[in-house]
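Trainee: I am new to this structure and would be grateful for a guided reading. May I put my questions to you one at a time?

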Amino acid sequence: MPRPATEAAQYLDMYKLTVEKTRLEQELEYIDGRRQQLCDRLAEIEQATAGLDAKATTLRQPTQPAAAPRPQGLNFAPSTNVYLPERNSRQAPQDYNTLMLDY
């Protein structure tokens with residue numbers, strides 16, 4: 001049931017609206033400040049990205065690498081020898097468990 005329409009009720013509604021208006025204005029000020037912070041940060045990121053891109057471009061330029069002499073006769077390839085543990089029999093032991101892994 002609505003309140004009776006009195007002068008006091010009208011002033012109460014005016015007070016509520018004034019308080020809400022003040023709160024919304026403060027929130028807009030906060031949002032404007034936050035927006036400015038975000039724009040400033042985006043500008044900083046753009047400058048940093050441009051600087052890093054320029055640095056990467058200069059590093060990408062071919063330079064004359066000093067040819068390091070390679071020792072002759074040394075093979076740095078990985079070994080293909082596989083050493084398996086020795087077993088008494090060719091059959092799998094009874095306590096052998098299989099584990100399946102899926103990638």
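Trainee: How many helices and strands does the protein chain have?

Mentor: The model is a predicted one. No strands are assigned in the protein chain. Its secondary structure therefore rests on helix alone, and the count is 1 helix and 0 strands.

Trainee: What share of the residues of the protein chain counts as buried?

Mentor: A residue is called buried when its relative accessible area is under 20%. Applied to the 103 residues of the protein chain, this cut-off gives a buried share of 1%.

Trainee: What part of the exposed area of the protein chain do carbon and sulfur atoms supply?

Mentor: The protein chain exposes about 11300 Å². Of this area, the part supplied by carbon and sulfur atoms is 57%.

Trainee: Which residues form a nonpolar patch on the surface?

Mentor: One member, Val19, is found in helix α1, which covers residues 7-60. Val19 has a relative accessible area of 41%, so it is partly exposed and passes the cut-off of over 30% for patches. The patch has about 290 Å² of accessible area together, and its residues are Leu12, Tyr15 and Val19.

Trainee: Which residue forms a salt bridge with Arg23?

Mentor: The structure holds 2 salt bridges, and one of them involves Arg23. The two partners both lie in helix α1, 4 residues apart, about one turn of the helix. Their closest N and O atoms are 3.3 Å apart, and the partner of Arg23 is Glu27.

Trainee: Is Glu27 buried, exposed or partly exposed, and which class holds for Arg23?

Mentor: The class between buried and exposed runs from 20% to 50% relative accessible area. Glu27 has 38% relative accessibility, and Arg23 has 44%. Both values fall in that range, so Glu27 and Arg23 are each partly exposed.

Trainee: What is the N to O distance in the salt bridge of Arg41 and Glu44?

Mentor: Arg41 and Glu44 both lie in helix α1, 3 residues apart, about one turn of the helix. Arg41 is partly exposed at 48% relative accessibility, as is Glu44 at 43%. Their side chains meet with an N to O distance of 3.2 Å.

Methods
Residues are numbered from 1 along each chain as its sequence is written. This is a predicted model: local features need pLDDT of at least 70, side-chain atom pairs count only at pLDDT 80 or more; totals for chains, interfaces and linings use all residues. Side-chain values use heavy atoms; hydrogens and water are left out. Helices (H or I, at least four residues) and strands (E, at least two) are DSSP runs, numbered from the N terminus. Buried means under 20% relative accessible area, exposed over 50%, partly exposed in between (1.4 Å probe, protein chains only). Accessible areas come from the Shrake-Rupley method with a 1.4 Å probe; for residues, only the protein chains shown count as cover. Patches are made of residues with over 30% relative accessible area and no salt bridge: like charges are joined within 9 Å, nonpolar side chains (Val, Leu, Ile, Met, Phe, Trp, Tyr) within 5 Å. A salt bridge is a side-chain nitrogen of Lys or Arg within 4 Å of a carboxyl oxygen of Asp or Glu.
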